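Trainee: I am new to this structure. Could you take me through one part of it closely, and then the places where the backbone does something worth a second look?

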Amino acid sequence: MRSLLILVLISSACAQKPLTPEQCLQVRTLSGLEFSPDGQRLVFEVREPVKGTTDAQHLWVFQVGSNDLRQWTSSAKSERRPHWSPDSRSLAFLSNRDDKTQIYVMRADGGESIKLTDGKNDVTDFVWSPDSQQIAFLAGEPKTEAEEKKITDKNDARVVDRDDKPARLWVIDLASRKPRQVTKAPWRIEQVAWSADAVIVKASDRPEVEQWIDQIYRVTLADGTITPLAKQAGPFGSLQMSRDGTQVAYVASRGDGPSPHDLYSVPMAGGAAKNLTAASLDRPVQQYIWGPGSAIDLLVQNGFRSELYTLRDGAVKRLLPDFEPSITSMAVSDQGTIALAAGSHNQLPELWISDGKAARRVSKFNTSWGEIALRPIEIIQYASFDRKKIEAAVFRPSPVTGAKRAGVVLVHGGPTGAWSDRFDRWAQLLVARGYVVISPNIRGSSGYGSAFIESNRKDWGGGDFKDVMAAADWLVTNANVDPERIGIGGWSYGGYMSMWAITQTNRFHAAVAGAGLSDLAGEYGTEQGPEYDEWFYGLPYENLEVFQKSSPITYVKNAKTPTLILQGEQDSTDPPAQSQQLYRGLKRYGVITELVMYPREPHSFREEKHQLDLLERMLAWFDRFLKP
C-alpha cells in the first residue's frame with residue numbers, strides 16, 4: 001500500500017510541468033469589481049494575456065441569483081472601469097474600440113452598447129449623477145483647427161506647460177447625448193465624485209507646478225463655479241461620496257507624504273477633515289466602499305496579505321478572517337454579498353463569492369495553471385542590523401538536497417511598495433531552476449504602519465540596504481545557500497537597490513537592475529512626478545550633496561559585480577538616462593555589463609516579445625554567473 005502511495009505521489013509530481021517564461025505571460029487577472037445597486041449583478045474586468053502588442057481587458061458579469069458567469073464585452077480592443085447607474089438599469093464603461101477611449105453605455109440585462117461620447121481626446125474617468133440621467137467625465141479640450149493644421153504640417157513645436165491641455169470636467173445628458181464643458185483653463189481635474197447638487201473634484205489651478213498642491217473642490221454645474229471644500233497636505237485620491245451625500249471620503253497620507261495611507265472624510269457642509277483609520281488601523285487602505293448608513297468596507301494591506309474589514313463608528317471588524325487567498329479587489333452589496341478577486345503566490349487569481357461566512361470560488365479563469373509546478377512560500381522574520389524585525393517571503397526549490405544552492409535577493413519597487421502573497425514571475429522562475437529566493441519587505445515598505453513607511457526618508461541606501469544585506473545573511477545561515485553564489489535583482493526602486501548594492505559591496509556575484517535610478521539629482525530633473533522624490537530628499541538645487549550621497553553613480557568606480565541593466569526607452573518614471581549613466585560608468589571601469597533597451601516600452605512593459613525577452617535574459621544572467 002505504501003509503495004502504491006509513493007507511485008501516486010511521483011506520478012502526480014511528474015504530471016506538473018516546470019514553469020517557463022512563456023507560461024508566465026498566460027495569466028488572467030481580475031479587477032474593478034462592482035455590484036449593481038440592487039445587488040443582482042456583479043461586473044468586473046478581466047485582463048487577458050498579452051498577444052503581440054495587444055493587452056486587452058473585457059467585462060464579465062456574475063448573476064447573483066442564478067450564479068451565471070459570462071463575458072459581456074468582446075471588442076477587438078478593451079473595456080474597463082465599469083460603473084452601474086444608481087437605478088441599476090444601465091452599465092457604463094470606457095473603451096478604446098474606436099481608437100480614442102470613450103464612454104459606452106448598455107442596458108443592465110445585456111444587449112448592444114451605445115457610444116455616449118465621441119470626443120477627440122481620451123476620457124480618463126467618469127461618474128453617474130444620482131438620478132442616473134447624466135454622467136460627469138474628465139477629458140482634455142479638443143485642439144483648434146489651427147492647432148490641428150500645425151500638426152498636419154509638421155509645424156508642431158510645443159511650449160511645455162503653456163501648450164498642454166490637462167483634463168477638464170464635462171457633463172453629458174444621456175437623453176440628448178450632448179456634452180457640455182464645465183471647467184476651463186487653468187484648471188486640471190484629476191478625480192470626480194457627484195453629490196446631490198454639485199460635483200466634487202480633486203483639482204489644481206496651477207497644473208504646471210510639480211508639487212502636491214491639488215485640493216478638493218466643489219464645482220457648481222450651472223456656471224462652473226469652483227469653491228474650496230478641503231485642503232489636504234501630501235498625496236491623496238479615491239474620492240467617493242457617502243450614500244446620503246453628506247460626506248466625501250478619500251485616502252491620503254497621514255502627514256505630507258509619501259503615499260496615500262489612511263481613510264479620511266470631510267463634511268459637504270464644510271469643516272475639518274477627519275482621519276477615520278489612523279487610531280484603529282495603522283495600515284494602508286487599498287480600496288473602500290461606502291455602505292448603508294455610516295458603514296464603510298475596507299480592503300487593507302497587512303504585510304504580505306490584503307484583508308477585508310468593516311468600519312463603523314470608529315471601530316473596525318475583520319471580515320472573513322479564515323479566507324486564505326490574498327485579496328486584490330473587493331465589492332460588497334447592500335444585501336451582504338461579498339465578491340473578491342483573490343489569489344496567492346501559487347494560486348492564480350479567481351472570483352470568490354461569500355455570504356459573509358464562507359467563500360466559494362465561482363470562476364475558472366486560470367485553471368490551466370493546475371498543471372504548472374509553482375513553489376509555496378515561507379513567510380519569515382529576520383533581525384536586521386538594529387534588531388528591527390523584517391518580514392520576507394522565502395522560495396525554496398524542490399527537491400531539497402544536501403548540496404549548497406545559489407540564492408537571489410529580490411527587492412520590490414517603490415520604495416513605498418511591498419512584496420505580497422501573489423504570483424511573482426521572477427521568484428517562481430528562479431526557484432523552478434534551483435535557486436533559493438528571498439523577497440524582503442525592507443524598511444520603507446508599505447503594509448507595516450505609517451512610521452515604517454517613513455523610516456528611509458533621506459536614507460535610501462542606508463538602513464534599507466542593510467536590511468537587504470541581512471536578507472543575504474539569512475540565506476547563508478538558514479537556507480543552505482553558497483555565500484559565493486548570491487545575486488540581487490529588482491525593478492524600479494528594486495533596480496535602484498541593485499545598482500546601489502554593486503557600488504557598495506562585492507557580496508553579490510550577479511545583479512539584474514531593471515528601470516533603476518543611478519543619479520538621484522538627474523532623476524529629479526527628468527522624471528514625471530518629481531514631488532515623490534522631493535518628499536524624501538528635498539530639492540537638488542538646495543541639497544545636492546544629499547542626492548549625491550544616495551546615488552549609485554557617485555560610487556560606480558567601486559563596482560565589480562557583473563550587472564545586467566534592462567530599460568524601456570519610453571520610461572518617464574525612471575528615464576533611460578538613469579540606466580545609460582550606470583552602463584557607461586561600469587564599462588569605463590571594466591565591469592562585465594550589458595544594457596538592453598526596449599523600444600516603445602514605458603516603466604511597465606506591455607509587449608509580449610519584450611516581456612518574454614526580459615524574463616529569458618534575467619534567467620540567463622543569473623545562470624551565467626551563479627550556477628556552478
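Mentor: What follows starts with a patch of charge and goes on to some backbone features and one buried residue. Keep in mind that the model is predicted.

On the surface, Asp161, Asp205, Glu208 and Glu210 gather in a patch of negative charge. One of them, Glu210, sits in the loop that runs between strand E15 (199-204) and strand E16 (215-219). Asp161 comes from another stretch of chain, the loop between helix H3 (145-152) and strand E12 (168-173). Asp161 counts as partly exposed because its relative accessible area is 43%, and partly exposed covers the range between under 20% and over 50%.

Asp161 also has a positive phi of about 75°, although it is not a glycine. Ser492, not a glycine either, has a positive phi of about 65°. Ser492 lies in the loop between strand E35 (481-491) and helix H7 (493-504). Its relative accessibility is 11%, so Ser492 is buried.

Next, the cis peptide bonds. Ala185 and Pro186 are joined by one, with omega about 10°; Pro186 belongs to the loop between strand E13 (179-181) and strand E14 (188-194). Gly414 and Pro415 are joined by a cis peptide bond too, again with omega about 10°. Pro415 is in the loop between strand E33 (405-411) and helix H4 (425-432).

Last, a charged residue away from the loops: Glu307 is part of strand E24 (residues 305-312). Glu307 has a relative accessible area of 7%, and therefore counts as buried. Its side chain makes a polar contact of 3.4 Å with the side chain of Asn302.

Definitions and conventions:
Residues numbered from 1 in each chain as written. Predicted model: local features only at pLDDT ≥ 70, side-chain atom pairs only at ≥ 80, totals over all residues. Heavy atoms only, no water. Patch = residues over 30% accessible without salt bridge, like charges linked within 9 Å, V, L, I, M, F, W, Y side chains within 5 Å. Areas by Shrake-Rupley, 256 points an atom, 1.4 Å probe, with all protein chains shown as cover. Salt bridge = Lys/Arg side-chain N within 4 Å of Asp/Glu carboxyl O. Lys, Arg positive; Asp, Glu negative; His and termini not counted. Charge placed at Lys NZ, Arg CZ, Asp CG, Glu CD. Helix = DSSP H or I, 4+ residues; strand = E, 2+ residues; numbered from the N terminus. Buried < 20%, exposed > 50% of the residue type's maximum accessible area, 1.4 Å probe, protein only. Polar contact = N/O pair within 3.5 Å; in protein donor to acceptor, adjacent residues only side chain to side chain.
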